[in-house]
Structure formats: C-alpha cells, structure tokens
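The following paragraphs lead through a protein structure, one region at a time. The reader may wish to keep the sequence and the three-dimensional view at hand.

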Amino acid sequence: MLEGRVALITGAGKGIGKEIAMELSKLGAKCVINYASSLAGAEETVNEIKKSGGDAYAYQCDVSDYTQVEKMIKDAIEHYGKIDILVNNSGITKDNLLLKMTEADFDAVININLKGAFHCIKAVTKPMMKQRYGRIINITSIVGVIGNAGQANYAASKAGLIGLTKSAARELATRNITVNAVAPGFIQTDMTEVLSDTVKEQLLEQIPMKKLGETADIANAVCFLADERAAYITGQVLNVNGGMAM
C-alpha cells in the first residue's frame with residue numbers, strides 16, 4: 001500500500017500515464033498529474049481519481065524545459081509537502097525511416113523522452129536525498145531493447161532511458177532511492193488503435209502470448225516497483241511484453 005505517499009506522473013492525461021496514476025491513487029498515493037498540452041485529459045484523470053476518493057491535481061509543464069520542471073517539483077512539494085514517487089512517462093513519436101528523418105524530429109523526441117526524464121530526475125533528486133527515500137520509475141519501451149525500423153529517434157531515446165536508469169540507480173542507492181524502468185511491449189492504446197488489421201496480425205505473430213498488452217499491465221508493474229515489496233530492487237528493466245523480447 002502507498003498510503004501517505006506522493007507521486008508525480010508525467011504525461012498522465014491519457015493512456016498508460018493515466019492508468020498508472022489511477023492505480024497509484026487506488027493504493028493510497030496522492031498524485032500530481034503532469035501534462036504538456038492536454039488539459040482536458042489531465043482534468044479527466046484528476047476527476048476520476050477524486051470520484052474514487054483519491055487526491056490529485058493537474059500541473060502543466062513541458063518536461064523538455066528544465067526551468068519549468070524545476071518549478072513543477074518545487075510547487076508539488078509546496079502543495080503536498082514532498083514527492084516520494086516519480087514516474088517518467090512523457091513521450092512522443094515522430095516516426096520515419098532514418099534516411100527521411102529530419103534533425104528536428106530526432107531532437108524533438110530525444111528532448112521529451114530522454115532529456116525530459118533527466119530533467120525530472122535531476123530536479124527531484126535533492127529533495128529525495130534529503131528525505132532519504134524515493135522511487136523513480138522510467139517508462140522505456142521494447143523498441144529501446146530490440147530496436148524498430150522507422151523509429152530510430154524513439155528507439156534511441158528509450159535505449160538512452162535504460163542507461164540513465166542504471167546510472168541514476170548506482171548514484172542514488174545509498175540514499176534509499178531506487179531507480180528502475182518498465183519496458184512495455186505493444187499495448188492497446190490510441191497509438192495502436194490506428195494500426196491496420198494487417199499490421200496488428202503481423203505484431204501478434206511476434207508475440208508468444210498472441211495478444212496486445214493492456215495499460216493495466218504496465219500500471220501494475222509500476223505499482224509493484226513503487227511499493228515497499230520492491231525495496232531491494234534497483235537498476236532493473238522490467239519487460240512487460242507478452243514474451244516478445246526475452
């Protein structure tokens with residue numbers, strides 16, 4: 001249980017981020033719902049949490065801007081008194097073949113997916129070290145483990161996130177701060193909903209369990225890593241992909 005804990009989840013207005021926030025709240029955590037542009041989605045997440053008896057509020061912040069991130073962490077601590085759990089979930093895609101990918105599209109994905117996580121970890125480290133407690137969970141991806149054609153920028157950002165996870169885990173371990181990553185496979189979200197039946201069938205052929213994952217599968221993994229039962233686990237990548245990558 002996470003009674004008395006405070007969690008900040010980036011990109012929590014929809015999809016996996018929303019599900020993570022909902023599940024952390026059900027376990028008793030107070031939640032800061034970060035969003036970049038989807039105010040309606042963030043407010044919907046907050047309202048659903050409050051309807052279930054939880055405590056949450058929405059906070060707009062572009063995680064690629066360190067000044068904004070620093071202020072978000074400061075304001076969240078002023079609001080709730082602390083931050084115990086950080087979930088770096090913000091992510092974008094700008095897919096294209098390597099030969100056609102623009103520098104702007106490469107940079108945009110790196111700046112949100114990887115640099116954004118670095119900003120959040122950097123900003124939350126000092127207060128977590130001071131309280132000698134923290135759980136940092138980074139949402140990477142199966143493509144950061146095995147790569148994917150047409151997603152060089154996305155795969156690079158998610159592979160970098162794994163390296164960031166392991167390095168931060170080594171630096172922060174003595175202060176009772178664990179840093180882990182969850183690597184989703186192909187999950188049923190708005191992003192996969194638009195895929196054609198043919199593409200979905202091709203995906204399913206690569207997954208031993210022959211089905212796409214649910215957002216709840218990722219949220220449950222995050223909740224485990226945020227819980228005291230995972231206190232001796234750090235620097236790890238938990239693959240949640242139906243066996244697609246082993």
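Which residues are exposed on the other side of helix 2? They are Ala40 and Lys51. The model is a predicted one, and helix 2 offers a convenient point of entry to it. The buried residues of this helix are Gly41, Ala42, Thr45, Val46 and Ile49. Viewed down the helix axis, these buried residues fall within an arc of 140°, and therefore they line one face of helix 2. Their packing partners are helix 1, strand 2 and strand 3. The length of helix 2 can also be examined: at 1.5 Å a residue, its 13 residues should span 18 Å, and this agrees with the 18 Å that separates its end C-alpha atoms. Just after helix 2 comes glycine 53, with a positive phi of about 90°.

Helix 1, one of the partners of helix 2, may be considered next. Of its 12 residues, 9 are buried, so helix 1 is largely enclosed by the rest of the structure. The buried residues are Ile16, Gly17, Lys18, Ile20, Ala21, Met22, Glu23, Leu24 and Ser25. At 1.5 Å a residue, helix 1 should span 16 Å, and its end C-alpha atoms are 17 Å apart, which agrees. The residue glycine 28 follows helix 1 and has a positive phi, near 110°.

Both helices also contribute to the interior. The largest nonpolar core has 32 residues, of which Ile9, Ile20, Leu24, Ile33, Val87 and Val182 touch the most other members. Two or more residues of this core are given by each of strand 1 (6–9), helix 1 (15–26), strand 2 (30–35), helix 2 (39–51), strand 4 (85–88), strand 5 (134–139) and helix 10 (215–226). Helix 10 provides the largest share, 7 residues. The surroundings of valine 182 can be followed in detail: leaving aside neighbours within four places in sequence, valine 182 is in contact with Ile137, Asn138, Ile139, Thr140, Ile218, Ala221, Val222, Leu225, Leu238 and Val240. Another core, of 29 residues, lies apart from the largest one and has Val63, Val69, Ala76 and Ile83 among its members.

Valine 69, from this other core, is located in helix 3. Its relative accessible area is 0%, and for this reason valine 69 counts as buried. Not counting residues up to four places away in sequence, valine 69 touches Cys61, Asp62, Val63, His119, Cys120 and Ala123. In addition, the C-alpha atoms of valine 69 and alanine 117 are 9.9 Å apart, although 48 residues separate the two in sequence.

Helix 3 also takes part in an aromatic pairing. The count of aromatic pairs comes to 1. The pair consists of tyrosine 57 and tyrosine 80, whose rings are tilted, with 5.7 Å from centre to centre and 55° between the planes. Distant parts of the chain are linked in this way: tyrosine 57 belongs to strand 3 (residues 56–60) and tyrosine 80 to helix 3 (residues 66–80), 23 residues apart. Both tyrosine 57 and tyrosine 80 are buried. A further ring, that of tyrosine 133, has arginine 5 over its face, at 3.8 Å from the ring centre.

Attention now passes to helix 4 (residues 103–113), where Val109, Ile110, Ile112 and Asn113 are buried. The elements covering these buried residues include helix 5 and helix 7. In the loop between helix 4 and helix 5 lies leucine 114. Apart from neighbours within four places in sequence, leucine 114 is in contact with Val109, Ser157, Gly160, Leu161 and Leu164. The C-alpha atoms of leucine 114 and alanine 159 are separated by 9.0 Å, while the two residues are 45 residues apart along the chain.

Two further loop residues deserve attention for their backbone angles. Arginine 132 has a phi near 55°, a positive value in a residue other than glycine. This arginine 132 lies in the loop between helix 5 (115–131) and strand 5, and it counts as partly exposed because its relative accessibility is 46%. Asparagine 176, likewise not a glycine, has a positive phi of about 65°. Asparagine 176 is found in the loop between helix 7 (152–172) and strand 6 (177–184). With a relative accessibility of 35%, asparagine 176 counts as partly exposed.

Technical notes:
Residues numbered from 1 in each chain as written. Predicted model: local features only at pLDDT ≥ 70, side-chain atom pairs only at ≥ 80, totals over all residues. Heavy atoms only, no water. Phe/Tyr/Trp six-rings, centres within 6.5 Å; stacked < 30°, edge-to-face > 60°. Helix = DSSP H or I, 4+ residues; strand = E, 2+ residues; numbered from the N terminus. Buried < 20%, exposed > 50% of the residue type's maximum accessible area, 1.4 Å probe, protein only. Lys NZ or Arg CZ within 6 Å of the ring centre and 35° of its normal. Core = buried A, V, L, I, M, F, W, Y, C linked by side-chain atoms within 4.5 Å. Contact = heavy atoms within 4.5 Å. Expected span 1.5 Å × (residues − 1). Arc of directions from axis to C-beta.
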